[in-house]
Amino acid sequence: MAVVGIPILEDLYPVTMDMWPLESKEFNRIWPFYENLKQGRFTTTKCKDCGFVAYPPRVICPECYSENLEYIDLPTKGKIIVFSEEVKGVPLGFESPLIHAVIDLGVDPVRRVLSRIVNCPAGVLKQGDEVQLAVFPVPAFPIEKGKAGTIMAERVFFAFEPVKK
């Protein structure tokens, strides 16, 4: 992921500009969340001791402080409650329009999530529109593996997109 046009960054990985989480086991204790995303599953954690469901996924239950957690599936479709569209002044690394929405998944205990909306032109989205999970690749991350050299760890992230009618 060299940055073309900025001579000092050409042929270098601009780690300071990387906005995506490290998803590998070596760096992240919620790596199963990302593995589930690669399979098209939207998941979070549930405590096996007290039953508390937390979103985003946690490594320790915020209710009883147990580390005895399991991953459960969340709905992959929902409805827009409220949204914002940013057309001008979009931050570096994002394309216009940058749309964020509060999405009602329709089930408790994780009823609402805040997410980006992708694959949607500005001015088209409306309150109540149905959206679905969209998993997309993000730039791979270089990981030094000693004598084995550097490997590029493939990564994904998620957003929601309007359901095609």
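Here are some exercises with worked solutions on the structure above, which is a predicted model.

**Exercise 1. The open sheet**

Work out the strand order of the open sheet of three strands, and explain why strand 2 and strand 3 each have one side without a neighbour.

*Solution.*
- Start with the order: the strands are arranged 2-1-3, and the pairing is antiparallel.
- Now look at the edges. Strand 2 (53–54) and strand 3 (69–73) each have a single partner strand, so one side of each is left without a neighbour in the sheet.
- Next, check how strand 1 and strand 3 are joined. Strand 1 covers residues 43–47, and five bridges connect it to strand 3.
- Finally, pick out one bridge on the model: Cys47 has Leu69, in strand 3, as its bridge partner.

**Exercise 2. Following strands 4, 5 and 6**

Find how many bridges join strand 4 to strand 5, and how many join strand 5 to strand 6.

*Solution.*
- Take strand 4 (residues 77–86) to begin with. Seven bridges pair it with strand 5, in the antiparallel sense.
- For a landmark in this pairing, find Val82, which sits opposite Val102 in strand 5.
- Move on to strand 6. Strand 5 and strand 6 also run antiparallel, joined by six bridges.
- Here a handy landmark is Asp104, with Arg112 of strand 6 opposite.

**Exercise 3. The largest pocket**

Describe the largest pocket: how much space lies in it, and which residues lie nearest its centre?

*Solution.*
- First the volume: the largest pocket holds about 290 Å³ of space.
- Then the lining, which is made by 13 residues; nearest the centre are Phe94, Glu95, Pro97, Arg116 and Val118.
- Sort the lining by type and you get eight nonpolar, three polar and two charged residues.
- Last, link this back to the strands from Exercise 2. Strand 5 (98–104) and strand 6 (112–117) each contribute at least two lining residues.

**Exercise 4. Aromatic rings**

Decide whether the pair of Phe33 and Tyr34 is stacked or edge-to-face, then find what other ring pairs with Phe33.

*Solution.*
- For context, there are six aromatic pairs in the structure.
- Check the geometry of Phe33 and Tyr34. Their ring centres are 5.1 Å apart and the planes are at 80 degrees, so this pair is edge-to-face. Both Phe33 and Tyr34 are buried.
- Now the other partner: Phe33 also makes an edge-to-face pair with Phe158, at 6.0 Å centre to centre and 80 degrees between the planes.
- See where these two residues sit. Phe33 is in helix 1 (residues 31–38) and Phe158 is in strand 8 (residues 150–162), so the pair links distant parts of the chain, 125 residues apart. Phe158 is buried, just as Phe33 is.
- Zoom out to the cluster: Phe33, Tyr34, Phe42, Tyr55, Phe157, Phe158 and Phe160 belong to one aromatic cluster.

**Exercise 5. Two cysteines**

Explain why Cys50 and Cys61 don't form a disulfide, and say how exposed each of them is.

*Solution.*
- Recall the idea: a disulfide is a covalent bond between the sulfur atoms of two cysteines.
- To count here, the two sulfurs must be within 2.5 Å.
- Compare that with the model. The sulfur of Cys61 is 3.6 Å from that of Cys50, its closest cysteine sulfur, and this is too far for a bond.
- By this rule, the total comes to zero disulfides.
- Now for exposure: Cys50 is partly exposed because its relative accessible area is 42%, whereas Cys61 is buried, with a value of 2%.

Technical notes:
Residues are numbered from 1 along each chain as its sequence is written. This is a predicted model: local features need pLDDT of at least 70, side-chain atom pairs count only at pLDDT 80 or more; totals for chains, interfaces and linings use all residues. Side-chain values use heavy atoms; hydrogens and water are left out. Two strands pair if DSSP finds at least two bridges between them. Helices (H or I, at least four residues) and strands (E, at least two) are DSSP runs, numbered from the N terminus. On a 1 Å grid over the protein atoms alone, a cavity is a set of points where a 1.4 Å probe fits but cannot get out, and a pocket is an open set with protein on both sides within 12 Å along at least five of seven lines; lining residues have an atom within 4 Å of a point. Grid points are joined across faces, edges and corners, and a volume is the space filled by probe spheres set on the points. Ala, Val, Leu, Ile, Met, Phe, Trp, Tyr, Cys and Pro count as nonpolar, Asp, Glu, Lys and Arg as charged, and the others, Gly among them, as polar. Rings of Phe, Tyr and Trp (its six-membered ring) pair if their centres lie within 6.5 Å; planes under 30 degrees apart count as stacked, over 60 as edge-to-face and the rest as tilted. Buried means under 20% relative accessible area, exposed over 50%, partly exposed in between (1.4 Å probe, protein chains only).
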